Amino acid sequence: MTDSRVLGSRYILIFQSNKLNMNNSITFQKDIKRFYISGKISGMKIEYAKQNFHFACKEVQKYQGADFVVNPFDIKPFLGIKHWICYMINDIRKQRKCTHSAFQSNWKDSKGAVIEYFFAKFIFKHGIVFL
């Protein structure tokens, strides 16, 4: 039996096994790996930052086997207000739904990425990958 779920604009098939775990719920044969990409955006030319994030998405899909990748450039700001903190609110909301966080090499130069690292490591307990 397969279950098709929509994640963003992509369809992902989830294959269910017939095995039941300890609490009698159905287990999945394949765990979905959702990656959140983090890195520096502020202070860079926007085209250059978009290229960095696009490259990071491709790298995570190829080398980490990501099923789904969240790119901060695809996330709308909180309440439509185009201010740094409003972007961060929705970024952290999306990061919470992921299983892993991937950090670009320039992440330490970004206030937002340092905050996202804190959330990934100490609050959400994500798997962390450094690109």
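Helices here are DSSP runs of H or I with at least four residues, and they are numbered from the N terminus; in the predicted model described below, Asn 90 has its place in helix α2, which covers residues 84-96.

**Overall architecture**

The protein contains three helices and seven strands, and read from the N terminus its elements follow the order β-β-β-β-α-β-α-β-α-β. Of the 131 residues in the protein, 37% are buried, and the accessible surface amounts to about 8,800 Å², with carbon and sulfur atoms contributing 56% of that area. When contacts between residues at least 6 apart in sequence are considered, 57% of them join residues at least 24 apart.

**The largest nonpolar core**

In soluble globular proteins, nonpolar side chains tend to be buried together. In this model the largest nonpolar core has ten residues in all, namely Phe 35, Ile 37, Phe 53, Ala 56, Cys 57, Val 60, Ala 66, Val 69, Ala 102 and Val 129. Strand β4 (34-38) and helix α1 (46-63) each supply at least two residues of this core, and the largest share, four residues, comes from α1.

Two members of the core show how its parts meet. Ile 37, when residues up to four places away in sequence are not counted, touches Phe 53, Ala 56, Cys 57, Val 60, Val 69, Val 70, Pro 72, Ala 102 and Gln 104. Ala 102 lies in strand β6 and counts as buried, because its relative accessibility is 0% and the limit for a buried residue is under 20%. Leaving aside neighbours within four places in sequence, Ala 102 is in contact with Phe 35, Tyr 36, Ile 37, Ser 38, Val 60, Val 129 and Leu 131. Ala 102 and Ala 120, which are 18 residues apart in sequence, have their C-alpha atoms 9.6 Å apart in space.

Cys 57, another member of this core, is buried at 10% relative accessibility, and Cys 86 is also buried, with a relative accessible area of 9%. The structure nevertheless holds zero disulfides.

**Aromatic residues**

How many aromatic pairs does a search of the whole structure find? The search finds ten such pairs. One of them joins Phe 103 and Trp 107, whose ring centres are 5.3 Å apart and whose planes stand at 55°, so the pair is tilted. Phe 103 is buried, with a relative accessible area of 0%, and Trp 107 is buried as well, at 10%. Phe 103 also pairs with Phe 130, the ring centres being 6.1 Å apart and the planes at 35°, so this pair too is tilted. Since Phe 103 lies in strand β6 (residues 100-103) and Phe 130 in strand β7 (residues 127-130), the pair ties together parts that are 27 residues apart in sequence. Phe 103, Trp 107, Tyr 117 and Phe 130 form one aromatic cluster.

A charged side chain is placed over another ring: Lys 111 lies over the face of Trp 84, at 5.2 Å from the ring centre.

**Two buried asparagines**

Asn 90, in helix α2, is buried with a relative accessible area of 14%, and, leaving aside neighbours within four places in sequence, its contacts are Ile 75, Lys 76, Pro 77 and Phe 78. Asn 52 lies in helix α1 and is likewise buried, with a relative accessible area of 19%; on the same basis, Asn 52 is in contact with Met 44, Gln 104 and Asn 106.

**Positive phi values in loops**

Which residues other than glycine have a positive phi? Leu 79 and Lys 125 are among them, and the table sets out their backbone values, loops and accessibility.

| Residue | Phi | Loop | Relative accessible area |
|---|---|---|---|
| Leu 79 | near 60° | between β5 (68-70) and α2 | 67%, exposed |
| Lys 125 | near 55° | between α3 (111-123) and β7 | 61%, exposed |

Leu 79 counts as exposed because its relative accessibility of 67% is over the 50% limit, and Lys 125, at 61%, is exposed for that reason too.

Terms used: Residues are numbered from 1 along each chain as its sequence is written. This is a predicted model: local features need pLDDT of at least 70, side-chain atom pairs count only at pLDDT 80 or more; totals for chains, interfaces and linings use all residues. Side-chain values use heavy atoms; hydrogens and water are left out. Buried means under 20% relative accessible area, exposed over 50%, partly exposed in between (1.4 Å probe, protein chains only). Contact means heavy atoms within 4.5 Å. Accessible areas come from the Shrake-Rupley method with a 1.4 Å probe; for residues, only the protein chains shown count as cover. Rings of Phe, Tyr and Trp (its six-membered ring) pair if their centres lie within 6.5 Å; planes under 30 degrees apart count as stacked, over 60 as edge-to-face and the rest as tilted. A charge sits over a ring if NZ of Lys or CZ of Arg is within 6 Å of the ring centre and within 35 degrees of the ring normal. A disulfide is a pair of cysteine sulfur atoms within 2.5 Å. A nonpolar core is a set of buried Ala, Val, Leu, Ile, Met, Phe, Trp, Tyr and Cys residues joined through side-chain atoms within 4.5 Å.
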